[in-house]
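Hi there,

Here is the structure I promised to pass on to you. Have a look at it first, and then read on for what turned up in it.

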Amino acid sequence: MSLQNDVMVALKAAMKAKDQTALAALRAIKSELLLAQTSGEGGELTEDQEIKILSKLVKQRKDSAAIYLEQDRKDLALPEIDQAEVISQFLPEALTEEEIEKVVVMTIDEIGAEGMKDMGKVMGIVSKELAGQADGKTISMIVKAKLT
């Protein structure tokens, strides 16, 4: 599993550099990967499972940062944002809104979606196809715009 190896190399580098923010983020990744491996059937994780775990960790940190910023606590929000950036380094390159829109339009044409009643179908297909490359909120916003 190359992700675990990449995380361990980055963890060692962060220890040498005494980068506490990176250390916290990398330890969180390592912990989640180990939990996922040891729970359930065990064994190696697929790339899709790894991407889901990393996406979840980034989303958690961004949500926490948003809450802290709402409460005017920049001192708590900044480390969360920094950790999200560290974790994002291990995710595939994010797509632009135009690229996401192309995939959404292609999917709508393929399944013949008409109106908001087909939003669930379109979201399911597009979310699977773009896993780790786009967040659900952006996909949802584009799908809604195209189906209305």
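A residue counts as buried here when its relative accessible area is under 20%. By that cut-off, 33% of the 148 residues in the chain are buried. Please keep in mind as you read that this is a predicted model.

**The chain as a whole**

The chain has seven helices and zero strands, so its pattern along the sequence reads α-α-α-α-α-α-α. The C-alpha trace spans about 55 × 45 × 25 Å along its principal axes. About 9400 Å² of the chain is exposed, and carbon and sulfur atoms supply 53% of that area. Among contacts with a separation of 6 or more, 59% are between residues 24 or more positions apart.

**Helix 3 and helix 4**

Two packed helices are described by the angle between their axes and the distance between the axes. For helix 3 and helix 4, the axes come within 8 Å and cross at roughly 160°. Angles over 145 degrees count as roughly antiparallel, and helix 3 and helix 4 are therefore roughly antiparallel to each other. The crossing of helix 3 with helix 4 is left-handed. On the helix 3 side, the contact is made by Leu54, Leu57, Val58, Arg61, Lys62, Ser64, Ala65, Tyr68 and Leu69. Helix 4 contributes Lys74, Leu76, Ala77, Glu80, Ile81, Gln83, Ala84, Ile87 and Ser88. By class, the residues of this contact are eleven nonpolar, three polar and four charged.

**Helix 5 and its two partners**

Helix 5 covers residues 97-111, and I followed its packing against helix 6 (residues 119-129) and helix 7 (residues 136-147).

With helix 6, the packing angle is about 130° and the axes are 10 Å apart. That angle makes helix 5 oblique to helix 6. Helix 5 passes helix 6 in a right-handed crossing. Val103, Val104, Thr107, Ile108 and Ile111 of helix 5 make the contact with Lys121, Val122, Ile125, Val126 and Glu129 of helix 6. Seven of the residues in the contact of helix 5 with helix 6 are nonpolar, one is polar and two are charged.

With helix 7, the axes come within 10 Å and cross at roughly 50°. Helix 5 and helix 7 are therefore oblique to each other, and the crossing of helix 5 with helix 7 is right-handed. In helix 5, the residues that meet helix 7 are Glu97, Ile100, Glu101, Val104, Val105 and Ile108. Their partners in helix 7 are Thr138, Ile139, Met141, Ile142, Val143, Lys146 and Leu147. The contact of helix 5 with helix 7 has nine nonpolar, one polar and three charged residues.

If you compare the two contacts on screen, Val104 and Ile108 are worth picking out: they are listed in the contact with helix 6 and also in the contact with helix 7.

**Two residues in helix 5**

Is Thr107 buried or exposed? Thr107 lies in helix 5 and has a relative accessibility of 2%, so Thr107 counts as buried. Leaving aside neighbours within four places in sequence, Thr107 is in contact with Val122, Ile125, Val126 and Glu129, and those four residues are listed on the helix 6 side of the contact with helix 5.

Glu98 is also placed in helix 5, but Glu98 is exposed, with a relative accessible area of 54%. From Glu98 to Asn5 the separation is 93 residues in sequence and 33 Å in space, C-alpha to C-alpha.

**Two loop residues with positive phi**

Most residues other than glycine have a negative phi. Lys18 has a positive phi, near 55°. Where is Lys18 found? Lys18 is in the loop between helix 1 (2-17) and helix 2 (20-38). Lys18 is exposed, at a relative accessible area of 66%.

Asp72 also has a positive phi, near 60°. The loop that holds Asp72 runs between helix 3 (47-70) and helix 4 (74-88). Asp72 is exposed too, with a relative accessible area of 60%.

Enjoy looking through it, and do write back with any questions.

Best wishes

Conventions:
Residues are numbered from 1 along each chain as its sequence is written. This is a predicted model: local features need pLDDT of at least 70, side-chain atom pairs count only at pLDDT 80 or more; totals for chains, interfaces and linings use all residues. Side-chain values use heavy atoms; hydrogens and water are left out. Axes are lines fitted to C-alpha atoms, for helices over the stretch in contact, and angles run from 0 to 180 degrees between N-to-C directions. Angles under 35 degrees count as roughly parallel, over 145 as roughly antiparallel, 65 to 115 as roughly perpendicular and the rest as oblique. A crossing is left-handed if the near helix is turned anticlockwise from the far one by less than a right angle, and right-handed if clockwise. Contact means heavy atoms within 4.5 Å. Ala, Val, Leu, Ile, Met, Phe, Trp, Tyr, Cys and Pro count as nonpolar, Asp, Glu, Lys and Arg as charged, and the others, Gly among them, as polar. Buried means under 20% relative accessible area, exposed over 50%, partly exposed in between (1.4 Å probe, protein chains only). Accessible areas come from the Shrake-Rupley method with a 1.4 Å probe; for residues, only the protein chains shown count as cover.
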